[in-house]
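Biologist: Could you take me through one part of this model up close, please? I would like to look at a single strand and then see how the rest fits around it.

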Amino acid sequence: MTTMTTEPVLLVATRKGAWLFHGDAARRTWRADGPHFLGHIINHLTLDPRGGRTLLAAAKTGHLGPTIFRSTDLGKTWKEAAKPPAFAPAKNDLAARSVDHTFWLTPAHAGEPGVWYAGTSPQGLFRSEDGGETWAPFSCINDDPRYRKWFGTVQDGTPDGPKLHSILVDPRDPKHLYFAMSGGGVHESTDGGQSFAPLVEGMQVVQGFDPDEVSFHDPHCVRMCPTNADRLYQQNHCGIYRLDRPGKRWRRIGEAMPKDVGDIGFPMVVHPRDDQVAWVLPMDGSDVWPRVSPGGRPAVYITRDGGETWQRQDAGMPSEQAWWTVKRQAMGADRAEAVGLYFGTTSGELWLSRDEGAHWEVLARHLPEIYALEIAYPR
Amino acid sequence: MRVLIPSALHSYTGGAWVEAAGGTVGAVLDDLDRQFPGIRFRMVDEQGAIRRHMRIFWQREMVFDLSTPLDAAGELMIVQALSGG
């Protein structure tokens, strides 16, 4: 039996390759391992927590089609998946679709070793049952006419393509799944993915649009509390939300954010042990959506009471003229007693707090634009 | 026939020129995939379309259709468009 190390490894996926930063238990010293796949667009790099050795990387380059690379030795060697995610041939008069890139990778339930889920751009859901070696379309949604309508078109999506993301697996029940789409709302399955249904009540949409129309909903990131699978937090295009199951109505907890900062952003981070604690990193979502830190003054905001109140955490961050922001997959927490928080910026800096956001410092700079960051504990 | 492989795909082939067989462009790409697993999907999507930035030339003419017939005497050139950032 192997035991879990206390030494974190940061899995950094960027626009130009991937890096692994190996930390010590105190999170004081870090060893950079990379670049892996230099020049490839890596949208996500994830460690399988069930074995603690297998890494999956979602890759493409500007000129080549998308694929998945696997490593079973923590990145020493990589092997391409034999059958990466790809849509089925067109049927039922629906338009044919092609995967542009795999965006999100989620290991399935702890009791389903080797099973993974993938979310793609344009929106698609895929599953692997052999550790990421071969992938097949999963569930009915990819070619369900209702979902096709909710996916919208490329024109409705984010600047680099509409995405299926935030695939969540209930640790109590492998058949209880969630995913979210930008755009296209949050969806839930209780039958192992045979069917999904929208879960968007209470979520707001851009002014003038109808919130009853699922396709107008744009969740940016949804997280499940590790110690309370009934509590979900969401950063949305239109605010920050919380949902306590079995309730179905999201509550906009971002209303309590300072008005001059607002509650728009991309990442959402939950505490590993306390479901009352969560963090966001707000972004300027005014007029043309600059997608930068509000006022050029980046900050993390923490709630310690489930979203009733928020406090600014910016000690160590630049106090002016800092125009980076953080993408939806590029912020996370470790499992240490004093929780470490990490985020990677659009300007290629990796930031660290060893005290739950109270103080911040730069761990690495001059990386390419950071797309995703995972905090892993290899065995 | 000889097939020119773009640099972005040398990680599959190990070099610029390889030998492959087939009576159509699609058949040659299938043969390449047999020799170098995974290479075809990087060039052709799951609906059979040549990907946006890939260009294929036969006898110096650009080919848009995988069913284009070939004879063994020529050279197939696969290049990537110089675009993107």
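Modeller: Happy to; here is a walk that begins at one strand of chain A and moves outward to chain B.

This is a predicted model, in which local features need pLDDT of at least 70 and side-chain atom pairs count only at pLDDT 80 or more, while totals for chains, interfaces and linings use all residues. Residues are numbered from 1 along each chain as its sequence is written, and chains are lettered from A and ligands numbered from 1 in the order in which they are written.

Let us begin with strand E13 of chain A, residues 177–182. Helices (H or I, at least four residues) and strands (E, at least two) are DSSP runs, numbered from the N terminus. A residue is called buried if 20 or more other C-beta atoms lie within 10 Å of its own, exposed if 12 or fewer, and partly exposed in between, with C-beta atoms placed from the backbone. In E13(A), 6 of the 6 residues are buried, so the strand is largely enclosed by the rest of the structure. In a regular strand the side chains alternate between the two faces of the sheet. Here A:Leu177, A:Phe179 and A:Met181 are buried on one side, and A:Tyr178, A:Ala180 and A:Ser182 are buried on the other.

Now for the neighbours of E13(A). Two strands pair if DSSP finds at least two bridges between them. Strand E12 of chain A (residues 163–169) runs antiparallel to E13(A), joined to it by 5 bridges; within this pairing, A:His165 has A:Ala180 as its bridge partner. Strand E14 of chain A (residues 185–189) is also antiparallel to E13(A), again with 5 bridges, and A:His187 in E14(A) stands opposite A:Phe179. E13(A) and E14(A) form a hairpin with 2 residues between them, and A:Gly184 in the turn has a positive phi of about 135°.

Elsewhere in chain A, 4 strands make an open, antiparallel sheet in the order E8-E9-E10-E11. Strand E8 (101–107) and strand E11 (136–137) stand at its edges with a single partner strand each, so one side of each is left without a neighbour in the sheet. Strands E9 (residues 116–121) and E10 (residues 124–128) pair over 5 bridges, and A:Thr120 has A:Gly124 in E10(A) as its bridge partner.

Stepping back, chain A has 1 helix and 28 strands. Its radius of gyration, taken over C-alpha atoms, is 19 Å, close to the 21 Å that the globule rule gives for 379 residues, so chain A is as compact as a globular protein of that length; the rule is 2.2 Å times the number of residues to the power 0.38. Of the 379 residues, 51% count as buried.

A nonpolar core is a set of buried Ala, Val, Leu, Ile, Met, Phe, Trp, Tyr and Cys residues joined through C-beta atoms within 7 Å. The largest one has 98 residues, and A:Leu11, A:Val12, A:Ile42, A:Ala57, A:Tyr342 and A:Leu373 touch the most other members. Strand E28 of chain A (residues 370–376) gives the largest share of this core, 6 residues. Another core, of 18 residues, lies apart from it and includes B:Ile5, B:Val28, B:Ile39 and B:Phe41.

That brings us to chain B, which has 3 helices and 5 strands, running β-α-β-α-α-β-β-β from the N terminus on. Buried residues make up 26% of its 85 residues. In helix H2 of chain B (residues 25–35), B:Val25, B:Val28, B:Leu29 and B:Leu32 are buried. These four cover an arc of only 100° around the axis, which puts them on the same side of H2(B); the arc is that of the directions from the helix axis to the C-beta atoms.

Finally, the two chains touch. Residues are in contact if their C-beta atoms, placed from the backbone, lie within 7 Å. The contact takes 16 residues from chain B and 15 residues from chain A. Helix H3 of chain B (residues 39–43) supplies the largest share of the chain B side, 3 residues. By class, that side has 7 nonpolar, 5 polar and 4 charged residues, where Ala, Val, Leu, Ile, Met, Phe, Trp, Tyr, Cys and Pro count as nonpolar, Asp, Glu, Lys and Arg as charged, and the others, Gly among them, as polar.

Conventions:
Two residues are in contact if their C-beta atoms, placed from the backbone, lie within 7 Å.
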